[in-house]
Each structure stands twice: as C-alpha cells, then as structure tokens.
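User: Could you take a close look at one part of this protein for me, the place where two strands meet, and then show me how other parts compare with it in burial? I am new to this, so please explain as you go.

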Amino acid sequence: MKRILNIGAICLTIAVAAVMGSCSDDFIEEKKNYSNVTSEIYNYYSGANGRLNECYRITLPNIQAGGAQIWQYNSLGMSDNHSQSTEEYRNFSSFVNPQVDMNTITGTSQAPGYFGSSWARIREINETIAGIAGGSLSEDEKNELLGQAYFLRAWCYYLLFRYYGSIPIVTEVQNPVPEAVTPRSSAKECYEFICSELDKSAEMLKKRTVVNSWSANDWGRVTTGTCLAFKHRVMVLWASPLFNRDNDQTRWTNAYNTIKAELPTINACGYGLANENNPGVNGSGWAKMFLDIVGNPEAVFVSCYNKYTPDLTPDYQRNNLWEQQIRPANTLGNNGKTPTDMIVDLFPMKDGKRPSSYDSYTKLEASSIAYDAEHPFMNRDPRFYRTFAFPGEYWRFNGDPNTSTSANPYTGNEYILWNYVWYNDAANFDNPMNSDHFGADNLLTSVHGMYIRKFSDDLDVNPTPNYNFNTAGKNVGFRECMTSTMEIRYAEVLLNLAEAACGAGQMNEAVEILKRIRVRAGYSSENNYGLPANLSGDQAACMAAILYERQIEFAYEGKRFEDMRRWLLFDGGTGLAATGGKALTGWGGNTCTYLGFKPFVGQRRDEFVFRLQNKYNYTDGTSGRTWPFTAGDNTEKKDATNPDPVLKASMGGLTRAERDAYAVDLSETIVKKPLEEQLENLKSFYDQFLVRKKIKGDAYDSNNTPLTMTWNARYYFWGYTQQEQINNPELPQTVGWEDYNKGGANGTYDPLAE
C-alpha cells in the first residue's frame, strides 16, 4: 500500500485568543500560551477548555482571511481565488484563467497547496483530544469538551476531503520521524470517518446542548445541532455528481432519510429560520438575520467577532471589517466591493422567476416581466435590494462620515449613494477599456457602478449597530465590528434537505421547503411563491430550482464555488474521463444539460457603470484631472473645474434637493411611498440623465480581444504540489496531475477508487 510520510510533523506555537470568552481571566493570565503544555493542564476544566479554545481559534472560518490563507479559512464571500471562479466577482482566478493552466510543478502557475498546510491544525486538535481523554475530568466534562474537539477535527478533514477526495486519516499525535507513516484512505473511508466523527460529537453534546443549552457567554460553540447540520452537508456532497458519478440513488435516499429524521434534533437546539414569518419591509427581515448575534436561530455554525481594539487587548482582538470594506470611499469606507454584470443580471424578477434574458437555468420558467438592463433595479426579488446598492439609494449608518477626508455632501446618517460618472473626453463615453471617469459626490475615481451591500449593518435595519464608528483618520470608519458570520445557517439546513429530497425523488417535499425559504424573502402563496408550477413532476427542473435558490440566498457567502464544483457546472463533467479518473455516467453524462445550466466555460464577467448621457458630459478635454478642493466645502463649487453636470445649472441640472428627491428609501420612512412607486421615480431620473456602460472585468488579450473562462477537468479534484511531494516521496499523486517523484508523469491515483 502506498504511504504518506510525516503528516502533522510541525506543531504551530500560537498565543491564545479567547475566542468564546469562557476561560477565567486569571487562568489566561497564568497560561498565555496553550501550545506546548504539559498533560497536567487537562486535569483542570479551565485548562482543558483553554486548550480547546485555541483549537477554535485556529479552526473557525474567518471572513477577514482569504487569498493565500484560504487553505486555512473557508471562503466566506471575499473576492478570493474561489469567488473569482463564480458569477460573483470578476478577474480570472487561477481555476478559470484561459492563459495559464495550473500544475503541481514549481512555477508561476502552481496549483493550490492546501494539503500540507492543514496538518498542523489537525495535530493540535489530536493532541487536545488525547489530553482531554487521558485527563482526570468527569465524564460529563470530557463529553462536553471532546464533543467540540471531534467536531473541529471533522471540519478540518472536510476541508481536505472536498478538494482531494481520498486523503490520509490521522487520529493520533505523530512524532516527526520517518516511521510515522499513514496511508491514503479511500474517499469512502474518509466520508465515513467524517460522518462518524460528527455522530460521535452530536451524541457527546446532547446533554449539554439539547437537554440544556450554552449560556450567552458561550454562544457560538458548536452544538448537537451544529454537528448534525454539518454531517448533512457532507452527505449531500457525497451524493452530488462530484463524488457520485453514476448517480447512485442510495446515497440520495440515505441523505434524505437521515436529514429528515434528525431535523427535529437540530430544531431542539434552538435553530430555525430567523424572521421566518416576518420578512419586514423590502427584505429587511431577511437582511436583519445577518446582524443578530447571540441567540440568532439562523446561526447553526458561526464565527464570532468582537470590537476590541489592538491598543487595549491585542491578544483578544477579532474584528469583522466587512462593513468598512463595502462602504463607498466618500463615507470613510474602503472603496467598496463590486459585483459583476452577470450576477446582477441573473437575480430573479419580483415574480420570483429568472429574467427571460438570462440564458441559463433554462429548465426553469422565465419571468413574464421584461428585464431592463438599463434599469436593473426595477421589479426584482426583494433580496436584490439587500444584496446590491445602486445610484440613487439611501444607505444609512450610525455615525457621521462628513469629514475633510471623506467629503460627501451629507451630514448625520442620511447618506445617499449617488455613484454615477461622467467624462471629459467623448472618445471614452462607450469604450469599455477606459474607466477614466469622474464620480459624483466626490467619489472621483473611487467609484463603482454598483456596490455589494449584503451583510451591511444598515441603520434602517438595525438601530443599534455592531460596529464602532471611528473618524480618527482616513479610511478607518467602522473599524471594529462584532457582527458574526454564519458558515452554516438554517436556510442551508433546509436546502440540504430539499436537495436530498429531490435527489431521492421526493420533489413535493423539496418544493415545500423552497416555499419556506421564499416566504422569508417576501413571497406569498399568491403566485405560488414565485416558483414554477412543474417542479413537483420534473426532477431536473426541481434540482435546478434548488441550485438557483442557493445561488440567490447564499450570494457572497462563499457557497457558490462549492456548488459549482460538486455539480460540475464548469463543463458539465464532460472532461472527467480525459483526466484518467472516473467518468460521469449519471445525469445523462452532462450535469449542465441535465439542469439546463449554461456551462461556465466560454463565458466572461464584466462590470458596468451608470454614466451621464452624452449631452451632460464634458467633451473639450481641457479640465484634466486637477480638482481644486476646499476642505469642508461640500457644495458643487468644490468641483469648480469639472463640476457634476447633474448639479450644474448651465447644463440643465438640478439642485441637490431636487436630485435627492429621486432617491429610493428601502425603509420607506422618508419618502413614505411604496418601493414600486419610488423605483418608478428613480427610473425617470435614469431616463433623463443616465445610461449603462460596460466596463472591462475579466482580462483581454494583447490584441484587446475579450477572453473567456476555461476549466481543466482535473481541477475538480486537486493534486499535491511539488513541495508536498518532496516532503512525502511516497505520496500517490492524483490522476491528471504531474507527479514530481516520477519525472512529471501524470499521477495514476483515482481519488474515487474504493
């Protein structure tokens, strides 16, 4: 049998952070470092719990991570290498780059090296499990602590399993010697191991979290419900085409029966759809669930944050900077995050159906409401308005960003986003390669056509913000934020059940779950909750509807890349056989055709801005880029050499008050008109002043020809990098990837082989 050497040979030594805040301060003061401790620590609950807290700290997902750190922290919606492989963000990630094919030999196109970096965490958890199990705590205390530790170990293995399939399983602390070898277990063995870990965790935590519950100080720790919900995600992954190439129905049936039977236990832990029967005004109930923290029933597996400042409590600081990062530059934000044209255009219309112009999910009924790309905010799903922000929309917050460094024209919290642009050269009006524009309200060049608004701590949704507003210096507003992030929320619990039910042929039950999700979003039985009528009788359409719902409900939550991988949506799975691995025989041999989904390969993502109509732009090219600002002056006079044409009387413009009268108030408290009426009013502003202009998103080649995405089928399961192979010379390389130890020949190990 092939073997892998030296797994977990390196032990990280990291200062403790009190993630869950339940250790005594005295004990932390005495034991600042919970790595490299003696076994005596496990004879005391406070010591063992502190060691467990360290495992939480190095394991919990973190929205502030990403990019190079994504091996350690699951994607949570940042513009990372995973999200840039989906409809959500532009720029060719290494997975979809048409100009570079990743490989496992050292070079500029190195494949992700998630494997070797993960074992230090697993070793830390293994050491903690061994210490607690061998200590002298009571059985109840051990169960409480070990139940959490087993969950964290299962989470670490899942992160490897979903990318590599077959991996070694190490459950004991290994010494860093050549004799410490572990074979690569089959994917089935790995799947069964993860599920058994989670069953064990769930049972150990029953007395603590089903019969009783965590205190407010311990909120965020895993529960029996967390363990079961996570297991259900793993079971649906195992039944999905990535692992289940021949569509073995027993996998779907097992997942369906298990999830349905265990859902009451998850509910007994206090989980459920937050604001299920209270969608609020224009999706405010849906938006508020992201802002509630302790006791939030939606939060099944959650990462907690705090508002501690580094100057006071550096060891404990864990801030969530999302609010600062998504806010526009003229509000002391970090310039915001930009959605692609693709995701904006694919969101459902207000009748719940896909836009007729969107040429994917074609097995789903198209909306009878015409989609107008020039006014993409018209007649959309309620979640659209809480996911994106566009020119002419109130975006309130607690705090006044009107400082000399932010220079927007509003005081107090009544901020309105006006992010249209204009040019001083007619040659740039419709040139997608040129973004040399001027942005309204002193956004200048720091302007996006639309902004990502999801998770925003809007004042009209949450009157007591979770952030500390700070105007001490430029771009430090909203610096510390304690808003939690939900890796698993209850909507996923239900949608996992819906997917398993559909796969098992129980479409009626799947449809009923979709209805529950849509009630919370603001739909009603009046039009069948916006769902097509054929879902109960068409399994392919039903599955497509579930995946579409996941894409909308979980936009910018780091879920889309995994959904695309497990359903092979990049190419439908047609290229799998060429890698040397197991071919797709279920779903007609092509999941994209089966679902009516347009394969991702061959497409590209661009962005757009709303620019002023030609007659309102400067065309003499004389004003250049010099703007003589006067600190504290927030009138249009500030832009004396190139003022906003909308506010320039000589160009037929408006006063600020006249312009602001067009703005949309989602809470309806200022305008005091229904959203539909407000949107029609805003549309008239666009008709008078604005047009939509495409801006280059994904790359162009050297001839300025737009490039489209590609996908190598071997990316569905990853190979081990050159350094990982050097460290482990007997490591069997995955099929389709270069084997460094065999002169670069393709690997022969099928990660799905039994």
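Analyst: Happy to help! Two strands count as paired if DSSP finds at least two bridges between them. Keep in mind that this is a predicted model.

With that in hand, let us look at strand S13, residues 607–612. S13 pairs with strand S14, residues 690–695, in the antiparallel sense, and the pairing runs over six bridges. You can find one spot to look at by eye: glutamate 607 stands opposite isoleucine 695 in S14. Now for burial, where a residue counts as buried if its relative accessible area is under 20%. Six of the six residues of S13 are buried, so the strand is largely enclosed by the rest of the structure.

Helix H5, residues 139–164, is also largely enclosed, because 22 of its 26 residues are buried. Its length can be checked too: at 1.5 Å a residue, H5 should span 38 Å, and its end C-alpha atoms are 36 Å apart, which agrees. After H5 comes glycine 165, with a positive phi near 70 degrees.

Finally, the cysteines. Cysteine 55 has a relative accessibility of 1%, so it counts as buried. Cysteine 481 is buried as well, at 2% relative accessible area. A search of the whole structure finds zero disulfides. Cysteine 55 is in no disulfide, and the nearest cysteine sulfur, that of cysteine 156, is 8.6 Å away. A disulfide needs the two sulfur atoms within 2.5 Å, so this pair does not qualify.

Terms used: Residues numbered from 1 in each chain as written. Predicted model: local features only at pLDDT ≥ 70, side-chain atom pairs only at ≥ 80, totals over all residues. Heavy atoms only, no water. Buried < 20%, exposed > 50% of the residue type's maximum accessible area, 1.4 Å probe, protein only. Helix = DSSP H or I, 4+ residues; strand = E, 2+ residues; numbered from the N terminus. Expected span 1.5 Å × (residues − 1).
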